[in-house]
Amino acid sequence: DRRCFGLMAELAEDGDPRVAGAGRIGAQYFLGRIGAAEPDFDPADSPAVPQGIARTQLLRQCGDAMEAGGLDLRTIGDALAPASRPTV
């Protein structure tokens, strides 16, 4: 989670608004996960972001984690939704 936070925070500074927006969302997601496990976490203590193939692999891992988290939230939302409310 710390490595993903560092990568997403770096992407949040990208010149492409789409990449920067995704980076901000990802950074917030991972910061929330870290904060739940480590309330005293200091973002400045994030490990260095890898480069090259290792960066690509980390990006894939982080994306998979965010996708799984999104599925979990949708499943919970669907279970809590009243029967009359249409699902998205």
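**Close-up views of a three-helix chain**

**View 1. Ala 20 sits in helix H2.** Helices here are DSSP runs of H or I with at least four residues, strands are runs of E with at least two, and both are numbered from the N terminus. Ala 20 has a relative accessibility of 5% and so counts as buried (buried is under 20% relative accessible area, exposed is over 50%, and partly exposed lies in between, with a 1.4 Å probe and protein chains only). Ala 9 is eleven residues away from Ala 20 along the chain, and their C-alpha atoms are separated by 8.7 Å. Please keep in mind that this is a predicted model, in which local features need pLDDT of at least 70, side-chain atom pairs count only at pLDDT 80 or more, and totals for chains, interfaces and linings use all residues. Residues are numbered from 1 along each chain as its sequence is written, and side-chain values use heavy atoms, with hydrogens and water left out.

**View 2. The whole chain follows the pattern α-α-α.** For orientation, step back for a moment: the secondary structure comes to three helices and zero strands. The chain has 88 residues, and 26% of them count as buried.

**View 3. One disulfide is found in the structure.** Cys 4 and Cys 62 are the partners, with an S to S distance of 2.0 Å (a disulfide is a pair of cysteine sulfur atoms within 2.5 Å). Cys 4 belongs to helix H1 (residues 2-11) and Cys 62 to helix H3 (residues 52-80), so the pair ties together parts that are 58 residues apart in sequence. The link of Cys 4 and Cys 62 is left-handed, with -95° about the S-S bond. Are these cysteines buried or exposed? Cys 4 is buried, at a relative accessible area of 8%, and Cys 62 is buried too, at 0% relative accessibility. As a bench reminder, a disulfide is a covalent bond between the sulfur atoms of two cysteines.

**View 4. Helix H2 covers residues 17-37.** At 1.5 Å a residue, its 21 residues should span 30 Å, and the end C-alpha atoms are indeed 30 Å apart (the expected span is 1.5 Å times one less than the number of residues). Look along H2 for its buried residues, among them Gly 21, Gly 23, Gly 26, Phe 30 and Ile 34. At the N-terminal end of H2, Asp 16 acts as a cap, with a side-chain oxygen 2.8 Å from the backbone nitrogen of Arg 18.

**View 5. H1 and H2 cross at roughly 155°, and their axes come within 7 Å.** That crossing makes H1 roughly antiparallel to H2 (angles over 145 degrees count as roughly antiparallel, under 35 as roughly parallel, 65 to 115 as roughly perpendicular and the rest as oblique). The axes are lines fitted to C-alpha atoms, for helices over the stretch in contact, and the angles run from 0 to 180 degrees between N-to-C directions.

**View 6. Ala 12 is in the loop between H1 and H2.** Ala 12 counts as buried, at 15% relative accessibility. Ile 25 is 13 residues from Ala 12 in sequence, and the two are 8.3 Å apart in space, C-alpha to C-alpha.

**View 7. Ala 44 is in the loop between H2 and H3.** With 65% relative accessibility, Ala 44 counts as exposed. Which residue lies 38 residues from Ala 44 along the chain, with the C-alpha atoms separated by 9.0 Å? That residue is Gly 6.

How values were computed
Polar contact = N/O pair within 3.5 Å; in protein donor to acceptor, adjacent residues only side chain to side chain.
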